[in-house]
Amino acid sequence: MAEHVAALLPAVRSDLALDNRQSPSPGPGEILIRNHVIAVNPIDWKRQASGFMISSYPVVLGADVCGVVAEAGSSVTAFKSGDRVLAVAHSFCSGNNDHGAFQEYTVVKATATVALPREMSFQQGATLPTAAGTATMALFDVLDLPQVTTGETIHASQVGGTANSSESSPLGILVWGGASTVGFLTIQLARLAGLTIYAAASEHHHDHLRSVGASMLVDYHSPTAVDDLLAGAERAGSQIALAVDAISTAETLASVVQVLSKSTAVTKKLAHTSPWPKSVPHPEGIETGAIRGDDFSHRREDLSIWLCNLSLPKWLAEGVIIPPAYRVIDGGLGGLQNALNELKKGVSGEKLLVEV
Ligand SMILES: NC(=O)c1ccc[n+]([C@@H]2O[C@H](COP(=O)([O-])OP(=O)(O)OC[C@H]3O[C@@H](n4cnc5c(N)ncnc54)[C@H](OP(=O)(O)O)[C@@H]3O)[C@@H](O)[C@H]2O)c1
């Protein structure tokens, strides 16, 4: 039996350690990827620190892979050996180490696999799976927007609400944490949905976020950020009816709730990336929903197919969606622990990667 190297988490709060494990074969509808670049996500260090969603050790963490198809399982027709791909690795919900990203070979679902355009690097591809999947779940699952191709304009009446002033004015969406990788992809997908985008991010990201679709930006460090957003929406004659809080701390949710509460929109919806904090009262008149990125390739396999198989390959090839910036951490699989430590300290507008 062939073996490969994996970065295993031996116990809660331990460091990752390299070891060999048996290389798996893909089942029906699955693909075995030889990973070239792996990205880390906040959930990885959170699980390492807490044991969240881990039933036994050692465990292979990680959700973002980019590489080459080593073997396509039976019934997979869209991908073949040698294809360059990126994919969401789903061990978080399957609990199966073969589906974890932090190793040389990972088994993924064909429905959560994206053909990597020729002009994109493995590094760029690895920045995308979780960020794009989460942004999709935020907009098209929690906020329940109609799936769009490009540039269609969504109006209030299409999302179960009515606008107070003008039924024809495009819906406004607030993306708090626009420079996070989830926020960055949310802005771009919201632009394709024709929404007017308001975003909160550090000032040094404003030009870049404007270039990918944000109409108005505020610096979240500013004490007037909430009032500035509301004044901006009023000046533009648009209503902030929707919000994605990509950060979802008690502080950010309180700000986002303030914006929605004071907005003149009738139907208001808020998608959050982390569980609702006990210290923040549930707002009246605002529908709130937790984004379940792990549901992407399960409960909402339709969205996974729509994004991964049908839309994203085209959007990436055409430059309609661009990947976030990235930084490579040295050491290959052995560098993953450093990458997790760096991510936990905090990053600004970049994805951390290791090359395998
Ligand atoms: N529910 C799910 O399924 C799911 C899926 C993926 C991620 N998540 C969660 O979503 C969060 C974001 O993940 P990510 O990978 O996108 O994170 P990330 O890229 O590592 O986030 C870093 C960014 O956060 C921004 N930020 C920090 N504090 C902020 C604040 N108070 N207001 C606005 N922006 C702030 C920083 O912006 P500046 O650079 O502008 O300072 C920085 O660029 C994490 O908590 C993660 O665990 C949840």
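Colleague: How many aromatic pairs does a search of the whole structure find?

Modeller: A pair of aromatic rings is described by the distance of the centres and the angle of the planes. Here the search turns up 3 aromatic pairs (rings of Phe, Tyr and Trp, its six-membered ring, with centres within 6.5 Å; planes under 30 degrees apart are stacked, over 60 edge-to-face, the rest tilted). Take Phe-52 and Phe-92: their ring centres are 5.9 Å apart and their planes sit at 55°, so this pair is tilted.

Colleague: Before I trust that, what kind of model is this?

Modeller: It's a predicted model, where local features need pLDDT of at least 70 and side-chain atom pairs count only at pLDDT 80 or more, while totals for chains, interfaces and linings use all residues. Residues are numbered from 1 along each chain as its sequence is written, and side-chain values use heavy atoms, leaving out hydrogens and water. The protein chain averages a pLDDT of 94 (the predictor's confidence in each residue, from 0 to 100), and 94% of the residues score at least 70. Watch residues 159-167, though, where pLDDT stays under 50.

Colleague: Back to the rings: which parts does the Phe-52 and Phe-92 pair tie together?

Modeller: Phe-52 is in the loop between α1 (42-50) and β4 (64-72), and Phe-92 is in helix α2 (residues 91-94), so the pair ties together parts 40 residues apart in sequence (helices, H or I, at least four residues, and strands, E, at least two, are DSSP runs numbered from the N terminus). Phe-52 is partly exposed at 44% relative accessibility, and Phe-92 is buried at 18% (buried is under 20% relative accessible area, exposed over 50%, partly exposed in between, with a 1.4 Å probe and protein chains only).

Colleague: And what is the geometry of Phe-140 and Trp-306?

Modeller: Edge-to-face, at 4.9 Å centre to centre and 70° between the planes. Phe-140 belongs to helix α4 and Trp-306 to helix α9 (residues 301-318), 166 residues apart. Both are buried, and ring pairs link them with Trp-315 into a cluster.

Colleague: Which residues have the most contacts inside the largest nonpolar core?

Modeller: In soluble globular proteins, nonpolar side chains tend to be buried together. The largest core here has 58 residues, and Leu-139 and Ile-173 have the most contacts inside it (a core is a set of buried Ala, Val, Leu, Ile, Met, Phe, Trp, Tyr and Cys residues joined through side-chain atoms within 4.5 Å). Helix α4 (residues 129-142) gives the largest share, 8 residues.

Key:
Contact means heavy atoms within 4.5 Å.
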